[in-house]
Amino acid sequence: MRVFIAIEFEQHIKDYLNKIQKQVMSYSTDGNFSRPENFHLTLKFIGEVQPSFLGSITAAMAQSVHGIKPFKLRLHNLGNFPRGNKMIIWMGVGGELDVLNLLFNQLETSLGSIGIAKDTRGYSPHITLGREVRLAVPFSKVANAVAIDHQQQIIEVHKISLMESKREEGRLMYIPLHRQPLAD
């Protein structure tokens with residue numbers, strides 16, 4: 001199974017991201033855009049594991065949230081990762097990034113103790129809106145044209161989720177396998 005650990009979003013955040021995504025799509029000539037129900041904030045991509053290893057991952061998740069109380073993030077800015085003449089377009093996050101980074105580091109340590117390699121690139125929190133996107137205009141024009149409501153779009157983080165990534169009837173689906181509440 002292919003798995004990752006993420007922060008899931010409430011429906012109003014997914015709806016808002018879909019609205020932003022549609023604006024981005026209006027400036028693009030091509031792209032593989034995320035399905036709105038799949039919007040999430042990845043904490044750690046793990047990859048292929050045996051189902052028998054899931055218990056070790058969920059135990060590491062429980063250990064990683066020690067001392068971390070629920071916190072708030074907000075949608076922040078549109079960004080991109082260039083990939084030749086295409087790009088990945090994403091939404092950044094702001095808010096309590098110190099807590100998010102602490103959670104990421106504790107998760108890396110806990111997962112490292114069960115043999116999952118640490119991320120060598122560092123953590124760059126983002127929500128993928130589209131991959132392999134080609135724009136009809138420079139990205140800066142899109143970023144300036146898309147108005148983001150920084151104050152109203154609050155992501156309340158109360159838990160982290162172990163997600164399975166799989167295809168069903170040709171559609172990419174992210175299915176929650178385990179939800180780990182943060183410390184209260």
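Select strands E8 (159-168) and E9 (residues 171-181): ten bridges join them, and the two run antiparallel. Two strands count as paired if DSSP finds at least two bridges between them. Helices (H or I, at least four residues) and strands (E, at least two) are DSSP runs, numbered from the N terminus. Within this pair, glutamate 164 has isoleucine 175 in E9 as its bridge partner.

This is a predicted model, in which local features need pLDDT of at least 70 and side-chain atom pairs count only at pLDDT 80 or more, while totals for chains, interfaces and linings use all residues. Residues are numbered from 1 along each chain as its sequence is written, and side-chain values use heavy atoms, with hydrogens and water left out.

Next, add E1 and E3 to the selection. The result is an open sheet of four strands in the order E3-E1-E8-E9, with antiparallel pairing. E3 and E9 stand at the edges with a single partner strand each, so one side of each has no neighbour in the sheet. On average, neighbouring strands here are turned by 30° against each other, direction ignored. Axes are lines fitted to C-alpha atoms, for helices over the stretch in contact, and angles run from 0 to 180 degrees between N-to-C directions.

Now show the helices on this sheet. H2 packs on it, touching E1, E3, E8 and E9, and its direction makes about 150° with that of E8. Contact means heavy atoms within 4.5 Å. H3 lies across E1, E3 and E8 and runs at about 15° to E3.

Stay with H3 (residues 97-112): its 16 residues reach 22 Å from first C-alpha to last, close to the 22 Å expected at 1.5 Å a residue. The expected span is 1.5 Å times one less than the number of residues. Which residues of H3 are buried? They are Val99, Leu100, Leu103, Phe104, Leu107, Glu108, Ser110 and Leu111. Buried means under 20% relative accessible area, exposed over 50%, and partly exposed in between (1.4 Å probe, protein chains only). Among the elements covering these residues are H2 (54-64), E4 (71-83) and E5 (86-95).

For the interior, select Ile5, Ile57, Leu78 and Ile160, which have the most contacts inside the largest nonpolar core, a set of 50 residues. H3 gives the largest share of this core, six residues. Such a core consists of buried Ala, Val, Leu, Ile, Met, Phe, Trp, Tyr and Cys residues joined through side-chain atoms within 4.5 Å. Around isoleucine 5, the residues touched include Leu41, Met61, Leu107 and Leu162, not counting residues up to four places away in sequence.

Then look at the aromatic rings, which form three pairs. Rings of Phe, Tyr and Trp (its six-membered ring) pair if their centres lie within 6.5 Å; planes under 30 degrees apart count as stacked, over 60 as edge-to-face and the rest as tilted. Phenylalanine 4 and tyrosine 174 have ring centres 5.1 Å apart and planes at 85°, so they are edge-to-face. This pair links E1 with E9, 170 residues apart, and both residues are buried. Phenylalanine 81 and tryptophan 90 are tilted, because their planes stand at 40°, with centres 5.3 Å apart. Phenylalanine 81 is partly exposed at 23%, whereas tryptophan 90 is buried at 13%.

Finish at two glutamates. Glutamate 132, in strand E6 (residues 126-135), has a positive phi near 50° and is partly exposed at 49%. Glutamate 169, in the loop between E8 and E9, has a positive phi of about 55° and is exposed at 83%.
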